[in-house]
There are 2 protein chains.
Amino acid sequence: MLNAAERDQLRSNARFVHFKKNELIYLEDENPKDLMILFKGKVKIFRSGVGGRSQIIRIMRPIQFFGYRAYFAREPYVTAASAFEACTVCKIPMELIEQFLRTNGELALFFIRMLSIDLGIADQRVVNLTQKHVRGRLAESLLFLKETYGLEEDGATINIYLAREDLANLSNMTTSNAIRTLSNFVNERIITIDGRKIKIIDEERLHKISRIG
Amino acid sequence: MLNAAERDQLRSNARFVHFKKNELIYLEDENPKDLMILFKGKVKIFRSGVGGRSQIIRIMRPIQFFGYRAYFAREPYVTAASAFEACTVCKIPMELIEQFLRTNGELALFFIRMLSIDLGIADQRVVNLTQKHVRGRLAESLLFLKETYGLEEDGATINIYLAREDLANLSNMTTSNAIRTLSNFVNERIITIDGRKIKIIDEERLHKISRIG
DNA sequence: ATATATTTGTGTTTTAGAACATAGTTCTAC
DNA sequence: GTAGAACTATGTTCTAAAACACAAATATAT
């Protein structure tokens with residue numbers, strides 16, 4: 001998507017940064033400077049709301065772009081990002097990206113497309129998180145985690161190691177409710193749990209629970 | 001932002017369409033074809049959720065762009081749009097816009113900026129709608145309506161004529177709760193109401209209620 | 001202009017989910 | 001390897017907001 005000159009510039013301006021598990025990548029209210037590309041690991045984008053209660057807005061997998069929205073909107077970050085697990089991130093100055101965009105229509109359309117997809121997801125998420133009940137929201141989150149990070153070799157275990165609290169923050173509920181509802185799903189033979197490892201037994205039923213809310 | 005040739009093309013492809021009060025402008029699942037520019041009137045972008053319960057996602061004022069996100073994301077609309085009041089909308093084929101974008105970097109950055117701003121709003125809205133209580137959400141909506149549509153000549157009455165149901169759908173609550181909470185605000189001398197006309201008496205207090213949730 | 005439908009207003013009941021409490025378990029850091 | 005912290009689990013209580021019910025007031029259509 002870039003020409004030779006652009007690629008050269010990119011190479012000389014890109015920096016690779018490593019983050020440890022739970023390390024913060026950027027903070028709310030900070031000024032956005034770089035486009036970030038997640039090369040390795042898993043990242044959560046979150047925002048703290050009423051009484052400091054945290055809500056996970058998006059989760060990232062390799063190779064996805066993040067951290068660029070606020071720069072384009074000319075505002076400080078309204079979210080923060082941190083590493084679910086050890087990560088490698090490539091940082092590219094947004095000024096350079098913006099400069100590319102002025103002359104590279106395909107690159108511009110690429111960013112327009114990413115933003116448009118994310119906005120569509122956000123629009124749907126508003127309705128899902130506000131209208132679905134706890135069971136529906138948790139079912140949706142489990143399916144969403146499966147879609148994003150895939151399954152382990154057994155073809156059933158979701159490939160992420162998440163605390164109940166993160167699962168709760170992703171699904172807009174208290175940690176207690178995430179734990180309780182997860183237990184219910186186990187009793188109903190929809191999933192099995194082994195510590196933080198979650199195995200999906202009856203995906204069809206999860207879909208149904210998510211659908212009816 | 002456009003050159004002479006682009007402006008010519010635009011003129012020969014733009015169509016003006018009128019919509020009556022409550023008329024639908026586009027529907028969920030429909031295929032997006034046109035960029036829409038609201039010239040006159042007020043528009044709501046909404047989505048129906050669990051059990052057909054409707055949630056207002058965005059509201060538009062002249063002169064704002066809408067209807068383009070789904071085209072860029074290469075997906076059908078996930079929302080619908082309808083006219084709060086009689087509207088004039090200019091429709092421009094998205095194919096033409098996309099063609100412009102490939103060579104016009106400034107126009108591309110304009111769309112990137114709009115999408116980025118809207119995505120930031122959506123990210124914040126997710127947290128506000130899920131975490132704030134009824135009073136906080138309604139206070140926020142009233143302030144938001146004031147910001148969007150302004151005040152009448154008296155410098156206090158919000159310049160929109162909204163049913164309680166729409167106010168509820170904007171604030172993620174039942175119509176009963178919107179009515180009740182509005183009455184409470186009147187008793188607390190924060191606002192006055194005359195039918196659908198809402199006058200803000202104590203804006204500072206509204207801000208405070210919205211802030212604390 | 002009048003009948004019918006829709007919207008508004010209020011009281012009452014019900015319930016989903018938060019808040020709180022406490023104990024057992026598993027990480028993590030030194 | 002152990003101490004302390006953080007996480008998981010489950011029971012109990014409390015409350016905000018939905019659901020329901022029914023007038024009264026407006027709006028809309030013929």
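A charge sits over a ring if NZ of Lys or CZ of Arg is within 6 Å of the ring centre and within 35 degrees of the ring normal. Keep that in mind for the first view of this predicted model.

**View 1. Charges over rings in chain B.** Start with B:Arg74, which lies over the face of B:Tyr71. Its distance from the ring centre is 5.3 Å. Now look for B:Lys42: over the face of B:Tyr149 is where you'll find it, 5.2 Å from the centre of that ring.

**View 2. B:Tyr71 again, this time with a ring partner.** Here B:Tyr71 pairs with B:Phe72, and both are buried. How are two rings like these described? For a pair of aromatic rings, you give the distance of the centres and the angle of the planes.

**View 3. Two rings in chain A.** Counting over all chains, there are 20 aromatic pairs. Take A:Tyr68 and A:Phe72: their ring centres are 6.1 Å apart and their planes sit at 70 degrees, so this pair is edge-to-face, a label that calls for an angle over 60. Back in chain B, the B:Tyr71 and B:Phe72 rings are edge-to-face too, with centres 6.2 Å apart and planes at 75 degrees. Are A:Tyr68 and A:Phe72 buried or exposed? A:Tyr68 has a relative accessible area of 3%, so it is buried, and A:Phe72, at 2%, is buried as well.

**View 4. A cluster of rings in chain A.** Zoom out a little and that pair turns out to belong to a cluster. Ring pairs link A:Tyr68 and A:Phe72 with A:Phe65, A:Tyr71, A:Phe110 and A:Phe111.

**View 5. Where the two chains meet.** Chain A and chain B each bring 43 residues to the contact. Which three residues of chain B supply more of its buried area here than any other three? They are B:Ile112, B:Leu119 and B:Gln131, with 16% of the area that chain B buries against chain A. Between the two chains, about 4000 Å² is buried, and carbon and sulfur atoms give 66% of it.

**View 6. A salt bridge across the interface.** A:Arg102 reaches B:Glu106, with the closest N and O atoms 2.4 Å apart. Four salt bridges cross between the chains, and ten residue pairs there are in polar contact.

**View 7. One copy turned onto the other.** Rotate chain B by 180 degrees, with 0.0 Å of shift along the axis, and it superposes on chain A with an RMSD of 0.0 Å. The two copies are therefore related as by a two-fold rotation axis. They also meet through the same surface, because 100% of the interface residues of chain B are interface residues in chain A too.

Key
Residues are numbered from 1 along each chain as its sequence is written. Chains are lettered from A and ligands numbered from 1 in the order in which they are written. This is a predicted model: local features need pLDDT of at least 70, side-chain atom pairs count only at pLDDT 80 or more; totals for chains, interfaces and linings use all residues. Side-chain values use heavy atoms; hydrogens and water are left out. Copies are superposed by least squares on the C-alpha atoms of residues with pLDDT of at least 70 in both. Contact means heavy atoms within 4.5 Å. Rings of Phe, Tyr and Trp (its six-membered ring) pair if their centres lie within 6.5 Å; planes under 30 degrees apart count as stacked, over 60 as edge-to-face and the rest as tilted. Buried means under 20% relative accessible area, exposed over 50%, partly exposed in between (1.4 Å probe, protein chains only). Buried area is the accessible area (1.4 Å probe) that two parts lose on being put together, summed over both. A salt bridge is a side-chain nitrogen of Lys or Arg within 4 Å of a carboxyl oxygen of Asp or Glu. A polar contact is a pair of N or O atoms within 3.5 Å; within protein, one must be able to donate a hydrogen and the other to accept it, and residues adjacent in sequence count only if both atoms are side-chain atoms.
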